[in-house]
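Notebook open, coffee poured. I'll jot down what I look up as I go.

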Amino acid sequence: MKHLIAVFLTMCSSVLAESYSLGDITVTESFSYPTNGRSSAGYFTLTNDGPADVLMDVTADFPRVMMHQSLMQDGVMTMKHHMMVEVPAQGELEFAPGGYHVMFMGLSDRWTGGDEIEASLQFKNAGTLDIKFTVTERP
Ligand SMILES: [Cu+2]
């Protein structure tokens with residue numbers, strides 16, 4: 001019985017444990033929520049141990065993929081479209097609910113917990129980093 005519990009805990013904690021690296025850039029905690037209608041958003045934490053870079057685009061095999069930022073404007077939550085997002089030198093960039101997110105639109109399949117969504121982050125200097133967003137049920 002003890003053994004079973006240990007295995008179960010290991011499985012749970014490994015869901016978001018995957019990390020992706022390219023040069024000085026490391027992406028962890030890449031996740032998405034189940035689809036809401038025909039769209040969903042992707043989130044991740046990026047750590048940069050080197051000089052400043054720029055996230056130029058996020059690409060994936062869906063009709064529309066954009067970088068958005070949720071903002072409060074006059075008490076209304078709006079989304080701003082970014083053509084690029086700066087990656088600070090020796091710093092972190094957070095894509096998280098309520099802030100920056102990758103917007104996936106025009107989806108024809110439903111995403112459910114455990115699905116893995118493939119996407120590529122295109123950096124100005126570092127190049128292309130392929131990552132997967134693990135679909136996680138909303139808290
Ligand atoms: Cu959005």
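Is Met-79 buried, partly exposed or exposed? I looked it up: Met-79 is partly exposed, with a relative accessible area of 48%. Note to self: this is a predicted model.

**Entry 1: the copper site**

I pulled the protein donors of the copper ion next. They are His-68 through ND1, Met-79 through SD, His-101 through NE2 and Met-103 through SD, and they lie 2.1 to 2.2 Å from the ion. Then I checked the angles. The four donor atoms subtend 95 to 125 degrees around the copper ion, which makes the arrangement tetrahedral. For reference, the ideal angle for four tetrahedral donors is 109.5 degrees.

I also wrote down the spacing of the donor residues in sequence, which is H-x10-M-x21-H-x1-M. His-68 sits in strand 5 and Met-79 in strand 6 (residues 76-82), so this pair ties together parts that are 11 residues apart in sequence. I looked up the burial of His-68 too: it is buried, at a relative accessible area of 8%, whereas Met-79 is partly exposed at 48%.

**Entry 2: Gln-69**

I stayed in strand 5 (residues 64-73), where Gln-69 is also found. Gln-69 comes out as buried because its relative accessible area is 18%, and the cut-off for buried is under 20%. What does the side chain of Gln-69 make a polar contact with? The partner is the side chain of His-82, at 2.7 Å.

I listed what Gln-69 touches, leaving out residues up to four places away in sequence: Thr-78, Met-79, Lys-80, His-82, Gly-99, Tyr-100 and His-101. Met-79 and His-101 from that list are also among the copper donors.

**Entry 3: strand 3 and its partners**

I moved on to strand 3 (residues 40-48). Eight of its nine residues are buried, so strand 3 is largely enclosed by the rest of the structure. Which strands does it pair with? I went through them one at a time:

- Strand 2 (residues 25-32) runs antiparallel to strand 3, and six bridges join them. Ile-25 stands opposite Asn-48 here.
- Strand 8 (residues 91-95) pairs with strand 3 in the antiparallel sense over five bridges. Thr-45 has Glu-94 as its bridge partner in strand 8.
- Strand 9 (residues 100-105) pairs with strand 3 in the antiparallel sense over three bridges. Ala-41 stands opposite Met-103 in strand 9, and Met-103 is one of the copper donors.

**Entry 4: Leu-93**

I picked Leu-93 in strand 8. Leu-93 is buried, with a relative accessible area of 6%. Not counting residues up to four places away in sequence, Leu-93 touches Phe-44, Thr-45, Leu-46, Val-85, Glu-86, Val-87, Pro-88 and Tyr-100. Tyr-100 is on the contact list of Gln-69 as well. I also took a C-alpha distance: Leu-93 and Leu-55 are 38 residues apart along the chain, with 10.0 Å between their C-alpha atoms.

**Entry 5: the whole chain**

I finished with the totals. The protein has one helix and 11 strands, and from the N terminus on the helix is followed by the strands. Of the 139 residues, 38% are buried. Taking contacts with a separation of 6 or more, I found that 63% are between residues 24 or more positions apart. The accessible surface comes to about 8200 Å², and 54% of it belongs to carbon and sulfur atoms.

Terms used:
Residues are numbered from 1 along each chain as its sequence is written. This is a predicted model: local features need pLDDT of at least 70, side-chain atom pairs count only at pLDDT 80 or more; totals for chains, interfaces and linings use all residues. Side-chain values use heavy atoms; hydrogens and water are left out. Helices (H or I, at least four residues) and strands (E, at least two) are DSSP runs, numbered from the N terminus. Buried means under 20% relative accessible area, exposed over 50%, partly exposed in between (1.4 Å probe, protein chains only). A polar contact is a pair of N or O atoms within 3.5 Å; within protein, one must be able to donate a hydrogen and the other to accept it, and residues adjacent in sequence count only if both atoms are side-chain atoms. Contact means heavy atoms within 4.5 Å. Two strands pair if DSSP finds at least two bridges between them. Accessible areas come from the Shrake-Rupley method with a 1.4 Å probe; for residues, only the protein chains shown count as cover. Donors are N, O and S atoms within 2.8 Å of the metal (3.2 Å for Na, K and Ca); water is not among the atoms, so sites may look incomplete. Four donors count as tetrahedral if all angles lie between 85 and 135 degrees; four count as square planar and six as octahedral if opposite donors are over 155 degrees apart and all others between 65 and 115; anything else is irregular.
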